[in-house]
Structures are given as C-alpha cells and as structure tokens.
Amino acid sequence: MSDAVSAELLPILQGVTTPSLWYMDENSGHLLEQLGPNPNITIVTNRYDIYQHAKAYKFISIFNDFDHNQYPRETFSNIILRISKEKSLVHFLINQGADLLDSDGIFTIAGHKQEGIKTYGDKITRQLNAQGKL
C-alpha cells in the first residue's frame, strides 16, 4: 500500500547523507525499491512485514515497539515520520525523536491537513525550540 504523502518523502530520503532515523509505516514500503540501500538510514518499525521488507532491501532495520533505549541522545541528524492515524503514537514518536535528534537536526513529518499535520508541526517546533515551516 502507498499514498501520495509518503511519496513526498522520497526526495528527502534520497538526499540523506548523515545518520537518519525513519519511522516507517505500511504506507512507505514502496519507497525502498526506489531508494536502494543507504547505510545512513536506520528504519524503525513496529510491523514485522515492514521490517522484513526493509532488510530485503539491505537497510538497517529495527523491529520493536519504538524502544529508543539503545541510542544515546542526539544520535541522528534527521528524523523522518509519516504521521499515522494513532495520535498517541505520533505524540510518543515526536517526544522520543526530540531526544534523539542532534542540536542542528531536522525533524521531517508528512501528512494531510485532516490528519493534524499543523498541530504536530507546532508541537515539534515548540518542543525543539526551533524554527519550523510547513
């Protein structure tokens, strides 16, 4: 399954040259074949099928319930998230991601207006005390 919003992430993912964390959902699997392996992208997912798909495309892939204890603070230069329907999960990932993002990092989210993209963007901007743009 894929969606247009996930496709918007493709140029961002293609430009990754520094350690980056991609919270991957079922809507983004089709992007893997267009990307090809990138040792700078770590994919974290709570779906086993997505984990296997990412491994098959030679990505660093982690299957868990978004347990970030294995990473020290400020590990990643980029965090990429396609917001999901589960609002509590999105808030959790934003909170966790804020700790993992380095001080000059970029937190990219993608989603539709009706999915709350503006609210999430405002939350990230406040939490990181950063300049944000939608």
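Here's a quick briefing on strand 2, its two neighbours and a pocket. The model is predicted, so to speak of local features pLDDT must be at least 70, side-chain atom pairs count only at pLDDT 80 or more, and totals for chains, interfaces and linings use all residues. Residues are numbered from 1 along each chain as its sequence is written, and side-chain values use heavy atoms, leaving out hydrogens and water.

**Strand 2**
- Strand 2 covers residues 41-45 (strands are DSSP runs of E, at least two residues, and helices runs of H or I, at least four, numbered from the N terminus).
- 5 of its 5 residues are buried, meaning under 20% relative accessible area with a 1.4 Å probe, protein chains only.
- Ile41, Ile43 and Thr45 point one way, while Thr42 and Val44 point the other.
- In a regular strand, side chains alternate between the two faces of the sheet.

**Its neighbours**
- Strand 1 (residues 20-23) runs parallel to strand 2, joined by 4 bridges; pairing takes at least two DSSP bridges.
- Trp22 has Ile43 as its bridge partner in strand 2.
- Strand 3 (residues 60-63) also pairs with strand 2 in the parallel sense, over 4 bridges.
- Val44 sits opposite Ile62 in strand 3.

**The second largest pocket**
- Strand 4 (76-82) and helix 5 (87-100) each supply at least two residues of this pocket's lining.
- The lining residues divide into 8 nonpolar, 4 polar and 8 charged, where Ala, Val, Leu, Ile, Met, Phe, Trp, Tyr, Cys and Pro count as nonpolar, Asp, Glu, Lys and Arg as charged, and the others, Gly among them, as polar.

How values were computed: Buried means under 20% relative accessible area, exposed over 50%, partly exposed in between (1.4 Å probe, protein chains only).
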